Amino acid sequence: MKSATFRIWRGDASGGEFRDYTTEVSEGMVVLDAVHDIQATQANDLACRWNCKAGKCGSCSAEVNGMPKLMCMTRLNDLPLDKPVTIEPMKAFPRLKDLITDVSWNFAVKKRIKRFKPRPPDAADGTWRMSQQDIDRVQEFRKCIECFLCQDVCHVLRDHHKHDQFVGPRYLVYTAALEMHPLDTEDRITELREAQGIGYCNITKCCTKVCPEEIHITDNAIIPLKERVVDDYYDPLGWVWKKIRRQQERTPAPAMPNEHE
Amino acid sequence: MADYETFTHDVLVIGAGGAGLRAAIEASAVGVKVGMVCKSLLGKAHTVMAEGGIAAALANVDDRDNWQVHFSDTMRGGQYVNNWRMAELHAKEAPARVRELEAWGAVFDRTKDGRILQRNFGGHKYPRLAHVGDRTGLEMIRTLQDHGVHQGIDVHMEHTILTLLKDGDRVVGAFGYDRERGRFKVFRAKAVVLATGGIGRAFKITSNSWEYTGDGHSLGYQAGAELIDMEFIQFHPTGMVWPPSVRGILVTEGVRGEGGILTNKEGRRFMFDDIPENYKAQTAESEEEGWRYCQGDKNARRPPELLTRDHVARCIVREIKAGRGSLHGGVFLDISWIKSKLPNGEDYIKRKLPSMYHQFKQLADIDITQAPMEVGPTTHYVMGGIRVDSDTQMARVPGLFAAGECAAGINGANRLGGNSLSDLLVFGKRAGEFAAKFAQEHSLGGIDAAQIGETARRALEPFDRGTTAGESPYQVQKDLQEMMQDNVGIVRREDEMATALEGIDALTERAQRIGVEGNREFNPGWHTALDLPNLLTVSEAVTRAALERKESRGAQFREDYPDKSAEFAEVNTVVWKGDDGRMQIRRDALPEIREDLKRVIEEMK
């Protein structure tokens, strides 16, 4: 068995340093396996988040050799092991300990986005009809595992720290999933432009590149949302027309489906 | 005296997977103040890993389906030791719970006429699983999470509960710590809902994450609740086996639902070799009939790959033991063959099983549209758990409720795939509803400072010992997992389980000598040490219950008692903490089933 060296950032909010750990590498290993081996044998208190170990929960986000990655889906045989593999926490969020950052800002942002508001049910039994074709796009957005790698790599957050003015790619995708949901009747155009700061995004597509779920964040979510905002604010005829139509669409929220028993 | 912060809620929900979120939503809808504690970040709980779908008799794809068929499928799958009333409630209420998710924004795959699509799964007579590709759990948890955050629920993320607090007989709160800083917290509540999931980390090969350490089972047990059916542990037939680092990771039953077949190294489709008597009438006679079933032919019967999980897992073990397994000790699961039947087979596989495609491609260098997967059984789910009232989900301890995997009853000796997600919704809702009602009828109880002080003192002991003098928490956990895997796994024997009990005693002693390094801030070594007593408690409960049930039924296979026995067909095993602090065990007669339901079962046989 060969071995490899991992240069892992150790420290907390007040500061820290990289430390080298050498461990054995076997076939099929991923970065998270190496971190676990090191944790079990050399650094019992090494902090990292993880859950599913299969790219489905989005817990183990970190920067591996400078690239934002899920540690559980990053194979060691895809990395050059002749030099140390660096592993460090995401940079767009405050450091807590070792590989863990404070991502609570993301949860607070989501809470501020207007919730799903469906049209009244289509059928008497309280159900709706939607064609698969009409939901394909929304299903793409709903693949998001909330790993926050897109937030980490977004320069508006990472370099310019506009956390108070810009919600980041994750929440533009989230808003897009609501706005393009065939049943939704809510209007989020004003908040997209103002509170969510969609104008800050200058479509460099860094978020799309790092998405482990391969969601076309920029092309399918952000650009169509930007177009909606532009249509709404800078096209006077369209503005009047939409205003009227939206008022007509505003209907009371439907009752929950009835209990079955 | 321990230093701690105090929070007060009407209802405290411990766990934020499907059951916990659904309970919290229901309780807050009633109007009480709800707090929720979870070990990970919100939305990362194990529900997110569920792939195949939610079982509910919506009858969108096959109009012959209804709650009676779902009920009798669940009872048959559980080998009739299920709690019949829970199986009834579950079958009746699951469709409304699924439709409710749609009203909250879930986007399920659709039928041609625009309704919720349903797929085939093991043990279900008709296509019954509402799904989103093979990421249904993600859709469900995200829908509940996004709905829940607008309900005014106080979420305490990354907190672990160490003990439930009692005032006399009643549960009145919980005591734990936040993982981030290691500070102690007291949560006072008028009612507590346990929704902590399972115990898979007691075994070496498992599809479960670090969180699954039997916390709710153990917290309930220590507080005086009874555990039933603990011998029934579901080994999912298809976990990944290669490379070693991914061993145990789940491969959805949806692969077989979409037409995937199991073969041995000789290329033989071995599932046709052994079909249990009570499933013969429902199972295809030829490969051709099985394929027609997967294609929606209502006159065809389902292929043997879709027999119940307990049986499929045992057939795989048999093939491997007979030397007919794959190179890395599994068998082959092939979905790529359907290309010979479907014109756009490759695209179809990628569309219906996207995360399986991704998982194998990235982790095992295998393209499942071109080649078979290597699979073998993995510890997946525990049917056993806290005994609760079938309608209210309250344990025998007043003020304590349980829902989801940590509660028991609905699944009997074996759970059908897809019945877990619906169980979380149906009984999560009920637990939330009745916990809120209990909270409205009771005031806050008193807090026992001595209990808190003692728990805090014990929690900090590993720091005093340090790593040089003490045992490593990781090593003790690993030794326990290997010991349980070897001695209380898929095939069980009395002598091996006796060895396991001795092993648990020895490990319990070692666990008391564990030392950790570093400080209280996000320290996984310390966290592992504090989770260990729970793992040891559930390991002992599983072993004792498995010893007590001297027969083979559902997920329990005893080499020394290979057949079902009439005597054990009538009982549940019950484990509880005796007055002397030692684990006690007895058998209780099953509750008498209602006449009309008995007839439903007879008619569907």
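What pLDDT does chain A average, and what share of its residues score at least 70? Chain A averages a pLDDT of 92, and 92% of its residues score at least 70. pLDDT is the predictor's confidence in each residue, from 0 to 100. One stretch of chain A, residues 251-261, has a pLDDT below 50. Beyond near neighbours in sequence, that stretch has 22 contacts in the model. Two residues are in contact if their C-beta atoms, placed from the backbone, lie within 7 Å.

This is a predicted model: local features need pLDDT of at least 70, side-chain atom pairs count only at pLDDT 80 or more, and totals for chains, interfaces and linings use all residues. Residues are numbered from 1 along each chain as its sequence is written, while chains are lettered from A and ligands numbered from 1 in the order in which they are written.

## Chain A

The secondary structure of chain A comes to ten helices and seven strands. Helices (H or I, at least four residues) and strands (E, at least two) are DSSP runs, numbered from the N terminus. Along its principal axes, the C-alpha trace of chain A spans about 65 × 50 × 30 Å. Chain A has 261 residues, and 42% of them count as buried. A residue is buried if 20 or more other C-beta atoms lie within 10 Å of its own, exposed if 12 or fewer, and partly exposed in between; the C-beta atoms are placed from the backbone. Among contacts in chain A with a separation of 6 or more, 63% join residues 24 or more positions apart.

Chain A is divided into domain 1 (2-101) and domain 2 (104-249). These bounds come from an automatic or database domain assignment. The centres of the two domains of chain A, taken over C-alpha atoms, are 32 Å apart. Domain 1 puts twelve residues into the contact and domain 2 puts in 13 residues. On the domain 1 side, the residues divide into seven nonpolar, three polar and two charged. Here Ala, Val, Leu, Ile, Met, Phe, Trp, Tyr, Cys and Pro count as nonpolar, Asp, Glu, Lys and Arg as charged, and the others, Gly among them, as polar.

## Where the chains meet

In the interface, 55 residues of chain B are in contact with 53 residues of chain A. On chain B, α3 (84-103), α4 (136-148), α10 (354-364) and α15 (524-548) each supply at least two residues of the side that touches chain A. α3(B) gives the most to that side, with eight residues. The chain B side divides into 23 nonpolar, 16 polar and 16 charged residues.

## The nonpolar core

A nonpolar core is a set of buried Ala, Val, Leu, Ile, Met, Phe, Trp, Tyr and Cys residues joined through C-beta atoms within 7 Å. The largest one has 245 residues. Val11(B), Val192(B), Val193(B), Phe401(B) and Ala435(B) touch the most other members. The largest share of this core, twelve residues, comes from α15(B). Domain 1 and domain 2 of chain A each give the core at least three residues.

Take Phe401(B). Leaving aside neighbours within four places in sequence, its contacts include Val192(B), Val193(B), Met394(B), Phe434(B) and Ala435(B).

Helix α11 (residues 419-441) of chain B has 23 residues. From its first C-alpha to its last, α11(B) reaches 32 Å, close to the 33 Å expected at 1.5 Å a residue. The expected span is 1.5 Å times one less than the number of residues. Of the 23 residues of α11(B), 19 are buried, so the helix is largely enclosed by the rest of the structure.

## Three loop residues

Each row pairs a residue with a partner along its chain.

| Residue | Partner | Separation in sequence | C-alpha to C-alpha |
|---|---|---|---|
| Phe148(A) | Val210(A) | 62 residues | 9.9 Å |
| Leu76(A) | Ile203(A) | 127 residues | 31 Å |
| Ile490(B) | His131(B) | 359 residues | 29 Å |

Phe148(A) sits in the loop between α3 (132-141) and α4 (149-153) of chain A. Phe148(A) is buried, because 25 other C-beta atoms lie within 10 Å. Leaving aside neighbours within four places in sequence, Phe148(A) is in contact with Ser61(A), Met90(A), Val103(A), Asn106(A) and Arg170(A).

Leu76(A) is in the loop between β4 (67-70) and β5 (85-88) of chain A. Leu76(A) has 19 C-beta neighbours inside 10 Å, so it counts as partly exposed. Beyond four places in sequence, the contacts of Leu76(A) include Ala4(A), Val25(A), Met29(A) and Leu81(A).

Ile490(B) lies in the loop between α13 (473-487) and β17 (491-492) of chain B. Ile490(B) counts as partly exposed, because it has 17 C-beta neighbours inside 10 Å. Not counting residues up to four places away in sequence, Ile490(B) touches Phe235(B), Ala313(B), Arg314(B), Val317(B), Pro377(B) and Phe557(B).
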